[in-house]
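Hi there,

Here is the structure I promised to pass on to you. Please have a look at it first, and then read my notes below.

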Amino acid sequence: MLKPSILIVEDEIVVAMELEEKLSRMGYRVRGTVASGEAALDFVETDPPDVVLMDIRLEGDMDGIQAARVILEHHNIPVIYLTAHADERTLERAKLTEPFGYLVKPFSETGLRTTIEVAVYKHGETNR
Amino acid sequence: MEDETRNREPVLDQKELAFQQSLKFAEDLAKVYQEEKARRKVLEGVVEQLKHEIAARRHAEQALLEIHQDLERRVEERTRELTEANERLQMEIGQRRCAEERINESLKEKEALLNEIHHRVKNNLQIVSSLLALQMSRCEDERIVGVLKDSQNRVRSMALIHEQLYRSDDLSRIDFSQYVEALANELVRSYSEAALSISINVNVEKVFLDVKTAIPCSLIINELVSNCLKHAFPGRAEGMIAIELRSVPGDRFALVVTDDGQGLPEDFDPRTTSSLGVRLITNLAQLQLHGSIEFESESGARVTVVFPDSGKVEAQTIAC
């Protein structure tokens with residue numbers, strides 16, 4: 001079975017590069033990397049991935065939580081948040097967007113694989 | 001004749017009597033007059049005395065009135081001064097309140113800035129860690145991969161400190177028990193091998209360490225736990241590592257890292273070893289934490305670092 005394709009939304013490009021390499025090594029197809037919420041919305045409009053990995057703190061006016069809400073509501077694409085150990089208030093806000101998972105930095109391969117597979121599975125079940 | 005005389009005598013007597021009476025009356029009158037005169041004099045004296053007293057009282061009343069007026073004037077003056085002082089104080093209170101608000105705002109801004117700085121430092125260290133990971137993935141030499149991985153973990157252990165700092169309310173100290181837990185988990189994940197199951201036992205008192213102590217302490221734990229993970233359990237399916245940090249008498253902390261692995265090499269001597277990890281541990285413990293270090297090897301390895309609580313030392317210095 002083809003591994004899901006992924007969009008990485010992360011404003012620290014070196015961190016995104018490391019993540020991209022890790023995902024590629026694990027067999028995932030990384031569709032692209034963008035650094036802002038606005039760029040993420042443009043990207044999913046033209047080339048929708050199977051899963052979006054979204055950093056919460058982003059450059060630009062739109063943070064990851066705002067972008068995730070639009071992506072989920074308008075494009076029905078599962079979003080997984082990438083966080084450092086976020087503060088309670090941020091997590092409360094993030095929870096409201098009903099994300100398909102959280103990944104806490106730094107990412108282990110096991111954590112990445114499990115979270116992505118569970119998100120894809122849950123999304124498939126929701127859409128049945 | 002005798003009869004005449006006898007008859008005259010009473011007449012004479014009567015005249016004499018009348019005279020005597022008149023004289024007596026006159027004398028009485030004179031006496032009364034004298035007495036009246038004396039009484040009048042006394043009365044005049046009393047009147048004079050009363051006049052004096054009245055004058056004195058009037059004078060006293062006048063003085064009292066003047067004192068009263070003076071007092072009223074002084075009260076008014078004092079009231080005016082107090083009112084002015086009160087107004088000045090009110091103004092000063094207002095100014096101080098404004099200044100306090102400005103200081104609080106400025107403090108909040110600085111805290112936000114400090115928080116942002118810790119966040120940026122953490123992000124930058126994360127970037128360094130990612131750069132090392134990217135370099136590692138292009139490297140085929142296992143030895144160099146190992147070196148890069150060690151470096152990445154050292155950087156990560158420092159990044160974690162800054163991450164805990166910007167999450168803490170204090171911004172200058174961190175809850176070290178939480179930190180050690182997070183660091184240990186990251187290290188196990190980093191050095192994990194499919195064939196080895198490691199249980200980490202973290203027993204750290206709820207102590208708050210400032211950055212100056214937390215960074216060397218974290219690097220020491222990083223080196224000790226990494227060494228355990230890399231060298232303590234060759235060919236074993238499972239292993240146990242314990243990290244303990246507790247207060248000891250004399251305002252000091254004892255950090256003890258033990259494992260149930262194969263123990264230290266027989267010829268191990270921390271003073272002569274070329275291992276960067278051991279040199280880092282020894283130098284950080286002795287030179288930066290101003291503490292002592294002891295390596296033991298019985299059923300596994302045991303390393304004990306005892307160092308002063310810098311917070312207490314600083315407080316004592318200020319008190320002196």
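**Where the two chains meet**

In this predicted model, 12 residues of chain A are in contact with 15 residues of chain B. On the chain A side of that interface, the residues that touch chain B divide into five nonpolar, two polar and five charged ones.

**The sheet of chain A**

Chain A has an open sheet of five parallel strands, in the order S2-S1-S3-S4-S5. At its edges stand strand S2 (29-34) and strand S5 (101-104) of chain A; each has a single partner strand, so one side of each is left without a neighbour in the sheet. From one strand to the next, the twist averages 20°.

How is strand S3 (51-55) of chain A placed with respect to the rest of the structure? Five of the five residues of S3(A) are buried, so this strand is largely enclosed by the rest of the structure. Val51(A), Leu53(A) and Asp55(A) point one way from the strand, while Val52(A) and Met54(A) point the other way, and all are buried. That fits a general pattern: in a regular strand the side chains alternate between the two faces of the sheet.

The pairing around S3(A) can be followed residue by residue. Strand S1 (residues 5-9) of chain A runs parallel to S3(A) and is joined to it by four bridges, and the bridge partner of Ile8(A) in S3(A) is Leu53(A). S3(A) and S4(A) also run parallel, again with four bridges between them; here Leu53(A) stands opposite Ile80(A) in S4(A). Going on towards the edge, strand S4 (residues 79-83) of chain A pairs with S5(A) in the parallel sense over four bridges, and Thr83(A) stands opposite Val104(A) in S5(A).

A helix covers part of this sheet: helix H5 (residues 109-126) of chain A lies across S3, S4 and S5 of chain A, and it runs at about 170° to S5(A).

**Two loop residues in chain A worth a look**

Which residue in the loop between helix H3 (64-75) and S4 of chain A should you look at? I would pick Asn76(A), which lies in that loop. Its phi is near 55°, a positive value in a residue other than glycine. Asn76(A) has 11 C-beta neighbours inside 10 Å and therefore counts as exposed.

Glu98(A) is in the loop between helix H4 (88-96) and S5 of chain A. Glu98(A) is not a glycine, yet it has a positive phi of about 45°. With 12 C-beta neighbours inside 10 Å, Glu98(A) counts as exposed.

**Chain B: domains and sheet**

The domain assignment of chain B gives domain 1 (20-115) and domain 2 (174-319). Taken over C-alpha atoms, the centres of domain 1 of chain B and domain 2 of chain B are separated by 84 Å.

Chain B has an open sheet too, with five strands in the order S2-S4-S5-S7-S6 and mixed pairing. Strand S2 (197-204) and S6 of chain B are at the edges, each with a single partner strand, so one side of each is left without a neighbour in the sheet. On average, and with direction ignored, neighbouring strands of this sheet are turned by 10° against each other.

Within the sheet, strand S5 (residues 252-259) of chain B and S7(B) run antiparallel and are joined by seven bridges. Leu255(B) stands opposite Val305(B) in S7(B). H4(B) packs on the sheet and touches S2, S4, S5 and S7 of chain B, with its direction at about 15° to that of S5(B). Helix H3 (residues 176-191) of chain B lies across S2 and strand S4 (238-248) of chain B, running at about 170° to S2(B).

**Helix H5 of chain B**

Which residues of helix H5 (residues 276-288) of chain B are buried? They are Val278(B), Ile281(B), Thr282(B), Leu284(B) and Ala285(B). These buried residues cover an arc of only 165° around the axis, which puts them on the same side of H5(B). Among the elements that cover them are helix H4 (211-232), strand S6 (292-298) and strand S7 (300-308) of chain B. Just after H5(B), His290(B) takes a positive phi of about 55°.

Best wishes

Note on methods
Residues numbered from 1 in each chain as written. Chains lettered and ligands numbered in written order. Predicted model: local features only at pLDDT ≥ 70, side-chain atom pairs only at ≥ 80, totals over all residues. Contact = placed C-beta atoms within 7 Å. Nonpolar A, V, L, I, M, F, W, Y, C, P; charged D, E, K, R; others polar. Buried ≥ 20, exposed ≤ 12 C-beta atoms within 10 Å, placed from the backbone. Arc of directions from axis to C-beta. Domains from an automatic or database assignment. Pairing = 2+ DSSP bridges. Axes fitted to C-alpha atoms, helices over the stretch in contact; angles between N-to-C directions.
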